[in-house]
Amino acid sequence: MALVEVKVPQLSESVAEATMLQWKKKVGDPVAIDEILIEIETDKVVLEVPAPAAGVIAELTVGDGATVVAEQVIAKIDTEGKAIAAAAPAPVAAAAAAVAVPAPVASATGGAVAGVAMPAAAKLMADNQLAAGSVPGSGRDGRVTKGDVLGAVAAGATKPVAAIAISTGAPTKSLPQVAAPAVKLGDRPEQRVPMSRLRARVAERLLQSQATNAILTTFNEVNMAPVMEMRKRFQEKFEKEHGVKIGFMSFFVKAAVHALKKYPAINASVDGTDIVYHGYFDIGIAVGSPRGLVVPILRDADQMGFADIEKKIAEYGAKARDGKLSMEELTGGTFSISNGGVFGSMLSTPIINPPQSAILGVHATKDRAVVENGQVVVRPMNYLALSYDHRIIDGREAVLGLVAMKEALEDPARLLFDI
């Protein structure tokens with residue numbers, strides 16, 4: 001019997017460990033080379049682990065929900081097709097605690113109890129308020145898989161779990177299945193749900209940013225009429241030529257790069273007692289995803305055209321929704337842009353994404369009354385916010401940098417001539 005080891009892929013330098021989600025194969029199942037065996041969640045991305053060789057699953061050395069590290073052996077494949085008759089190990093208590101939902105209960109035969117949802121499926125059931133037992137399982141030993149839940153959601157299954165009525169006869173509220181039981185507080189129920197790895201990492205980095213940076217925010221307003229007129233004028237031809245629409249974000253990216261070239265400190269970062277001035281412009285674009293906030297990077301944004309930027313942003317948005325962003329796409333960055341305007345935000349003070357030293361906050365464009373040449377007129381206005389690390393960026397540079405962005409947006413031709 002020739003055994004090939006399946007190992008956890010290499011993680012980034014900032015990621016120490018990851019969590020196993022749900023095995024797609026069991027011992028004895030045949031697999032093809034590069035077939036996805038399991039997904040592993042880190043605090044940044046969800047990684048797919050493909051089969052390194054074709055054969056039969058001989059052993060699963062780590063169960064669903066376990067915590068693993070890079071290069072750890074998690075399974076073995078018999079390339080000669082002679083599987084070992086052994087059941088997959090049940091997740092240990094410590095591993096089960098590492099995920100946001102309980103691991104399946106093992107039966108006496110080593111399988112999972114019928115009807116018990118696997119971690120990814122249980123989380124999806126909680127998100128859609130589906131009661132335990134409301135979704136039939138098609139997995140091994142009747143386990144409920146993610147596909148089962150997606151099918152139930154598509155079919156319109158809704159059976160929320162009812163809270164226990166208190167002795168006073170007060171009305172109860174329906175609660176979704178979660179990792180911890182609801183606390184009985186009459187008509188004021190509570191639920192306790194562990195943070196996902198991504199959410200915990202985001203929280204850690206935000207606290208780190210607040211604790212280590214001298215954050216200050218400067219504001220300005222920009223008349224978006226010139227950008228809107230340019231988009232309207234060229235939208236049809238642009239879309240026909242490039243297969244993508246012109247969005248506002250490409251203008252903000254171009255305006256930001258324009259300002260960063262003029263004021264290099266805004267594109268710099270702190271490394272100990274040194275200031276690192278970056279000779280390239282890698283712009284992070286904050287994107288909301290089902291797992292939380294992620295910031296994929298536009299590499300060498302100064303060398304990208306409007307169409308390149310729009311296509312890349314659309315690609316990142318789709319990958320974020322599907323959890324397919326790679327570690328490389330989320331690593332690095334010299335400056336970030338956060339667009340709260342898509343949710344209707346008027347003003348905010350964005351938090352710097354370390355180790356960067358500045359971030360641009362973009363908000364909703366609204367018709368507002370402004371004064372031009374002594375006359376009150378209505379213009380589509382957007383309030384921009386630039387948060388910066390005052391340790392290396394002086395107020396003069398920050399204010400003038402934001403003014404440079406404002407001027408580029410109010411006269412987009414500046415971007416063509418770099419003035």
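Which residues are linked with K312 in a network of salt bridges? Select K312, E315, K319 and E329: these four make up the network. Keep in mind that this is a predicted model.

**Stop 1: the salt-bridge network**

Zoom in on E315 and K312. They form a salt bridge, and their closest N and O atoms are 3.6 Å apart. Now colour helix 7, residues 306-322. E315 and K312 both sit in this helix, three residues apart, so about one helical turn separates them. In general, an α-helix has 3.6 residues a turn, so residues three or four places apart point the same way.

Turn on the surface. E315 counts as partly exposed because its relative accessibility is 30%. K312 is partly exposed too, at 28%.

**Stop 2: two more salt bridges**

How many salt bridges does the count come to? The count is 15. Two further examples are easy to select.

Pick E372 and R379. Their salt bridge has its closest N and O atoms 3.1 Å apart. E372 is partly exposed at 28% relative accessibility. R379 is partly exposed as well, at 24%.

Then pick R414 and D411. Their side chains meet in a salt bridge, with 4.0 Å from N to O. R414 has 26% relative accessibility and counts as partly exposed. D411 is also partly exposed, with a relative accessible area of 38%.

**Stop 3: the sheet 1-8-6-3**

Move to the start of the chain. Select strands 1, 8, 6 and 3. In that order they form an open sheet with antiparallel pairing. Its edge strands are strand 1 (3-7) and strand 3 (30-31), and each of these pairs on one side only. As a general point, strands of a sheet pair through backbone hydrogen bonds, either parallel or antiparallel.

Look at where strand 1 meets strand 8. The two pair in the antiparallel sense over five bridges. Which residue of strand 8 stands opposite K7? Select V73 to see the partner of K7.

Stay in strand 8, residues 73-78, and go to D78. Is D78 buried or exposed? It counts as buried, because its relative accessibility is 0%. Show its side chain, which reaches the backbone nitrogen of E80 at 3.0 Å.

**Stop 4: the sheet 5-4-2-7**

Next, select strands 5, 4, 2 and 7. These four form an open sheet in that order, with antiparallel pairing. Strand 5 (46-50) and strand 7 (67-68) stand at the edges. Each has a single partner strand, so one side of each is left without a neighbour in the sheet.

Now look at strand 2, residues 18-20. Strand 2 pairs with strand 7 in the antiparallel sense over two bridges. Select T19, and you will find T67 of strand 7 standing opposite.

**Stop 5: helix 5 and its kink**

Select residues 225-242, which are helix 5. At 1.5 Å a residue, its 18 residues should span 26 Å. The end C-alpha atoms are 24 Å apart, which agrees.

Where is the kink in helix 5 centred? Go to F234: the kink there is about 55°.

Show the buried side of the story. A225, V227, R231, Q235 and F238 are buried in helix 5. The buried residues of this helix pack against several elements. These are strand 11 (215-223), helix 6, helix 7, strand 21 (375-389) and helix 9 (395-410). Step just past the end of helix 5 to G243, which takes a positive phi of about 75°.

**Stop 6: K406 in helix 9**

Follow the packing into helix 9 and select K406. K406 is buried, because its relative accessible area is 18%. A polar atom of its side chain lies 2.7 Å from the backbone oxygen of E221. What does K406 touch, leaving aside residues up to four places away in sequence? Its contacts are N220, E221 and V222.

**Last stop: P264**

Select P264, in the loop between helix 6 (248-262) and strand 12 (269-271). P264 counts as partly exposed, at 43% relative accessibility. Finish by selecting G279, which is 15 residues from P264 along the chain. The C-alpha atoms of P264 and G279 are separated by 8.5 Å.

Methods
Residues are numbered from 1 along each chain as its sequence is written. This is a predicted model: local features need pLDDT of at least 70, side-chain atom pairs count only at pLDDT 80 or more; totals for chains, interfaces and linings use all residues. Side-chain values use heavy atoms; hydrogens and water are left out. Buried means under 20% relative accessible area, exposed over 50%, partly exposed in between (1.4 Å probe, protein chains only). A polar contact is a pair of N or O atoms within 3.5 Å; within protein, one must be able to donate a hydrogen and the other to accept it, and residues adjacent in sequence count only if both atoms are side-chain atoms. Two strands pair if DSSP finds at least two bridges between them. The expected span of a helix is 1.5 Å times one less than its number of residues. The bend at a residue is the angle between axes fitted to the seven residues ending there and the seven starting there. Contact means heavy atoms within 4.5 Å.
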